[in-house]
Amino acid sequence: MHRGKFITIDGVEGAGKSTQIDFICNYLAKKNINVILTREPGGTELGEKIRALLLSTDTQSMSSDTELLLMFAARNEHIKTKIMPALDKGDWVLSDRFTDASYAYQGAGRGLSIERIAQLEKWVLQDFTPDVTLLLDVPVALGMSRVKFRGHKDRIELETNDFFNRVRDGYIERSKQFPKRIKLIDASTTPEQTTEQIKTILQIL
Ligand code: Z5A
């Protein structure tokens, strides 16, 4: 049995992840590939409880270290109880966000040390990485304008534009560091044009 492929999709808010996830799931289904769609933070029963703690605006204050540790606690559960077993069975896994988000949000955004994040990554994932990461890139203002009609903002969405600009820069920096794995996609185009770029990448996976 061949091990499945692990695809992650990431980017700042409003980049169009959810829109493109629908396309990817349909594309893989047409190729008779069984794909498990999951997300971070979350993806497991316990992970979803951690997600609620992380994103609820009822969580009045949370130190950046706590935020990072909770992201990795959820990820540990996710990888061991859901992602690895699925890949071992030959299924493909598509995760809406993964570890690159911790480097971008908690590292570049919150200013936590990259070395510390790398230590947690090593502990939880050893040398496991996605086969490919689709990084949907849009200017922050454009992403925000796409989601401005949404009524409720979660705890992280309430952050400033400066924070999200640092997050975007953090993602771009990651893509330069890992150009083979992280595919930087111009998502400021129409959904159809973004889909075409993703299709080209999936064809050679
Ligand atoms: N987080 C973290 O800090 N550290 C970590 O380690 C991890 C996560 C794993 C939850 O993420 C939060 O957790 C997130 C990062 C943090 N916080 N923030 N901010 P999430 O993924 O659940 O939530 P999100 O980032 O807020 O996702 P989103 O806003 O739903 O973004 P999206 O999925 O990319 O957007 P979309 O729903 O596909 O599109 C938004 C709208 O734009 C929609 O109306 C579309 O129809 C429209 N759209 C989409 N594409 C286009 C194009 N190309 N043109 C025009 N309009 C478009």
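# Notebook: salt bridges, cores and hollows

**Entry 1: a first pair.** I began with Lys 89, which forms a salt bridge with Asp 91; their closest N and O atoms are 3.5 Å apart. I noted at once that this is a predicted model. Next I looked up how accessible each partner is. Lys 89 has 56% relative accessibility, so Lys 89 counts as exposed. Asp 91 has a relative accessible area of 7%, so Asp 91 is buried. The cut-offs behind these words are over 50% for exposed and under 20% for buried. I then asked for the total. The structure holds 14 salt bridges. I wrote a reminder in the margin: side chains of opposite charge can pair when their charged atoms come close.

**Entry 2: Asp 100.** I moved to Arg 174 and Asp 100. Their side chains meet in a salt bridge, with 2.9 Å from N to O. This pair links distant parts of the chain, since Arg 174 sits in helix α7 (residues 161-177) and Asp 100 in helix α4, 74 residues apart. I checked burial, and both Arg 174 and Asp 100 are buried.

Asp 100 also forms a salt bridge with Arg 181, and here the closest N and O atoms are 2.8 Å apart. Where do Asp 100 and Arg 181 lie? Asp 100 is in helix α4, while Arg 181 is in the loop between α7 and β5 (182-186), so the pair ties together parts that are 81 residues apart in sequence. Asp 100 has a relative accessible area of 3%, so Asp 100 is buried. Arg 181 counts as buried because its relative accessibility is 11%. I also found a network: salt bridges that share partners join Glu 67, Arg 110, Arg 155 and Glu 159.

**Entry 3: helix α4.** Asp 100 made me curious about its helix. Is α4 largely enclosed or largely open? Of its 11 residues, 10 are buried, so α4 is largely enclosed by the rest of the structure. The buried ones include Thr 99, Asp 100, Tyr 103, Tyr 105 and Gly 109. I looked for what covers them. The cover includes two helices that I had not yet visited, α3 and α5. It also includes α7, along with the strands β1 (6-11), β4 (132-137) and β5. Just after α4, Gly 111 takes a positive phi of about 85 degrees.

**Entry 4: the cavity.** I searched the whole structure for closed spaces. There is 1 cavity of 30 Å³ or more. Its volume is about 50 Å³. Which residues line the largest cavity? They are Phe 98, Thr 99, Asp 100, Glu 121, Leu 125, Phe 128, Thr 129, Pro 130, Arg 174 and Arg 181. I recognised Asp 100, Arg 174 and Arg 181 in that list. Helices α4 (99-109) and α5 (114-125) each supply at least two residues of this lining. By type, the lining has 4 nonpolar, 2 polar and 4 charged residues.

**Entry 5: the pockets.** I turned to the open spaces. The largest pocket holds about 800 Å³ of space. It is lined by 38 residues, and Glu 13, Lys 17, Asp 96, Arg 97 and Glu 157 lie nearest its centre. Elements that give two or more residues to this lining include β2 (35-39), α2 (45-55), α3 (64-89) and α8 (191-203). The most comes from α1, with 5 residues. The lining divides into 16 nonpolar, 10 polar and 12 charged residues.

The second largest pocket has a volume of about 300 Å³. Of its 17 lining residues, Tyr 103, Glu 121, Arg 174, Gln 177 and Phe 178 lie nearest the centre. Helices α4, α5 and α7 each give two or more residues to this lining. Which element gives the most to the second largest pocket? It is α5, with 5 residues. The types here are 7 nonpolar, 4 polar and 6 charged.

**Entry 6: the cores.** I ended with the nonpolar cores. In soluble globular proteins, nonpolar side chains tend to be buried together. The largest nonpolar core here has 40 residues. Those with the most contacts inside it are Ile 7, Ile 24, Leu 94, Tyr 105, Leu 134 and Ile 198. Helix α1 (residues 17-30) gives the most to this core, with 6 residues. I picked out Leu 134 for a closer look. Leaving aside residues up to four places away in sequence, Leu 134 touches residues including Ile 7, Ile 24, Lys 183, Ile 185 and Ile 198. Another core lies apart from this one; it has 16 residues, among them Ala 86, Leu 120, Val 124 and Phe 128.

Definitions and conventions
Residues numbered from 1 in each chain as written. Predicted model: local features only at pLDDT ≥ 70, side-chain atom pairs only at ≥ 80, totals over all residues. Heavy atoms only, no water. 1 Å grid on protein atoms, 1.4 Å probe; cavity = no way out; pocket = protein on both sides within 12 Å on 5 of 7 lines; lining within 4 Å. Points joined across faces, edges and corners; volume = space filled by probe spheres on them. Helix = DSSP H or I, 4+ residues; strand = E, 2+ residues; numbered from the N terminus. Nonpolar A, V, L, I, M, F, W, Y, C, P; charged D, E, K, R; others polar. Salt bridge = Lys/Arg side-chain N within 4 Å of Asp/Glu carboxyl O. Buried < 20%, exposed > 50% of the residue type's maximum accessible area, 1.4 Å probe, protein only. Core = buried A, V, L, I, M, F, W, Y, C linked by side-chain atoms within 4.5 Å. Contact = heavy atoms within 4.5 Å.
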